[in-house]
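Open the model in your viewer and keep the selection tool at hand. The stops below say what to select next and what is there.

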Amino acid sequence: MKPLACRLFCFCVIFFYPLFGFGALTSLADATIEQRLSQAEAARRFLAAYPDFLTGYDAAKQELIGWDGTRLPLAGTEKNNCQDNTAALSSASSSAGSQPCCSPGPLETLGVRYRPVAEYWPSRDDPPKPDEDAGRLRPLVLWTYMYGAPAAKNADGCWRTVKVGNSLQLLGGAVEKNLAPVVWKLAGNGVTIRVSRANGVDRHLAAVVAELETISAEAKAQYRRIHGCGKTGVSGFYPRLVRGTICEISPHAFGVAIDVHWRPGLDYWLDSPQRGGYRYQSVMPKEIVAVFERHGFIWGGKWRHFDGMHFEYRPELLDMTMPPVGRPSVAGASGRTHAGKHRPGPRRPGSGRRR
Ligand SMILES: [Zn+2]
């Protein structure tokens, strides 16, 4: 989306959303994935998913209320970087797959329904539907509030970046202060990655790791094959932009995502054959995806623009009610913490929390 179009889109969402709702601004190709939630329902989902940070919703002002009184617009449209900055444009060598640069609010990120494993398993013969990219829009302002700023900003308000290879990496962020190590065991070689402590992402990922010990030998063997017997990497926190974009901040930069293997040329939509349109492909075992979903992570293999190695902590897309776990001491405006309070286990999909 070009800068002018982006600004126009933002303008329209800000001024016309209250009148028509987001559904009037979108035209998804398939009604089974379109999700026209009311503002109250969208707010409820975020409150249930992030109890450490969100404490209420002001329906009159359409704002989520943070634990320290911070107000966060439910429908948002801030830019997430300097898409108007020609210097940034010229320094990014990759032009393929440029993404819209508007930062949606929490409400817009729920505009496409995520279909969990129990409902849908994608394949080459039955790929995700056109526009089925549930979760590829991220609520940047809310994430910055919860996980920390992904980068410092220059005097002109742009994120500080440095070009490394074909991508732009972020500099000077605050996310790293909130990271915790998690040992990924499924490949058999105990790779340590880092994800955020905020919202208990590290705890939920550790629970995934533990539960993956119980999946079938067949699924484990399949994963080890696609993992290349340790030849490919596993990645958590990584302060960078989304590949192929000049302004879209990666969820890895917030410490909420994990790539469980890297297979260049295979499991990412931009790497698939381009002639006549890309073709869906993934070899991820269904059992692994199911485990991640049970702990609040969505899978990028469910996206039309598929990312088969990618999992991301998004319990609101799974309509999950997560327990408070205590904010990291460096999170939020005053640094208060709830650490040490009772931590009940999360309720699971299919056990009463899905609506
Ligand atoms: Zn990823």
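What pLDDT does the chain average, and what percentage of the residues score at least 70? This is a predicted model, and the chain averages a pLDDT of 78, with 72% of the residues scoring at least 70.

**Stop 1: the whole chain**

Colour by secondary structure. The chain has eight helices and twelve strands. Of its 355 residues, 43% are buried. Among contacts with a separation of 6 or more, 67% are between residues 24 or more positions apart.

Now colour by confidence. Select residues 80–100, where pLDDT stays under 50. The model has 41 contacts beyond four places in sequence for residues 80–100. Then select residues 331–355, another stretch with pLDDT under 50, for which the model has 49 such contacts beyond four places in sequence.

**Stop 2: the sheet of strands 1, 2 and 3**

Select strand 1 (54–58) and strand 2 (63–66), then add strand 3 (71–73). These three strands form an open, antiparallel sheet in the order 1-2-3. Strand 1 and strand 3 are the edge strands, each pairing on one side only. From one strand to the next, the twist averages 30 degrees.

Strand 2 and strand 3 are joined by three bridges and pair in the antiparallel sense. To see one position across this pair, select Glu-63, which stands opposite Pro-73 in strand 3. Helix 2 packs on this sheet, where it touches strand 1 and strand 2. The direction of helix 2 makes about 170 degrees with that of strand 1.

**Stop 3: helix 2**

Select residues 39–49, which make up helix 2. Which residues of helix 2 are buried? They are Ala-42, Ala-43, Arg-45, Phe-46 and Ala-49. Look down the axis of helix 2: its buried residues fall within an arc of 155 degrees, so they line one face of the helix. Their cover includes strand 1, strand 2 and helix 4 (106–109).

**Stop 4: helix 5 and the core**

Select residues 140–147, helix 5. How many of the eight residues of helix 5 are buried? Eight of the eight are buried. They are Leu-140, Val-141, Leu-142, Trp-143, Thr-144, Tyr-145, Met-146 and Tyr-147. Just after helix 5 comes Gly-148, which has a positive phi near 105 degrees.

The largest nonpolar core has 69 residues, and those that touch the most other members are Met-146, Val-195 and Phe-292. Helix 5 supplies the largest share of this core, seven residues.

Centre the view on Val-195. Leaving aside neighbours within four places in sequence, its contacts include Leu-179, Ala-180, Val-182, Val-201, Leu-205, Phe-237, Val-256 and Ile-258. Asp-202, Gly-236 and Gly-255 are also in contact with Val-195.

**Stop 5: a hairpin**

Select strand 6 (residues 161–164) and strand 7 (residues 167–170), which pair in the antiparallel sense over four bridges. Val-164 has Ser-167 as its bridge partner in strand 7. This hairpin has two residues between its strands, and Gly-165 takes a positive phi near 60 degrees.

**Stop 6: the sheet of strands 10, 12 and 11**

Select strand 10 (257–259) and strand 11 (297–299), then add strand 12 (residues 310–313). The three strands form an open sheet in the order 10-12-11, with antiparallel pairing. Strand 10 and strand 11 stand at the edges with a single partner strand each, so one side of each is left without a neighbour in the sheet. The twist averages 20 degrees from one strand to the next.

Strand 10 and strand 12 run antiparallel and are joined by three bridges. Ile-258 has Phe-311 as its bridge partner in strand 12. Helix 8 (residues 286–294) packs on this sheet, touching strand 11 and strand 12. The direction of helix 8 makes about 145 degrees with that of strand 11.

**Stop 7: Asp-259**

Stay in strand 10 and select Asp-259. Is Asp-259 buried or exposed? Asp-259 has 22 other C-beta atoms within 10 Å; the cut-off for a buried residue is 20 or more, so Asp-259 is buried. Not counting residues up to four places away in sequence, Asp-259 touches Val-234, Ser-235, Met-309 and His-310. For a last distance, pick Asp-259 and Glu-312: they are 53 residues apart in sequence and 8.8 Å apart in space, C-alpha to C-alpha.

Methods
Residues numbered from 1 in each chain as written. Predicted model: local features only at pLDDT ≥ 70, side-chain atom pairs only at ≥ 80, totals over all residues. Buried ≥ 20, exposed ≤ 12 C-beta atoms within 10 Å, placed from the backbone. Arc of directions from axis to C-beta. Contact = placed C-beta atoms within 7 Å. Core = buried A, V, L, I, M, F, W, Y, C linked by C-beta atoms within 7 Å. Pairing = 2+ DSSP bridges. Axes fitted to C-alpha atoms, helices over the stretch in contact; angles between N-to-C directions. pLDDT = per-residue confidence, 0-100.
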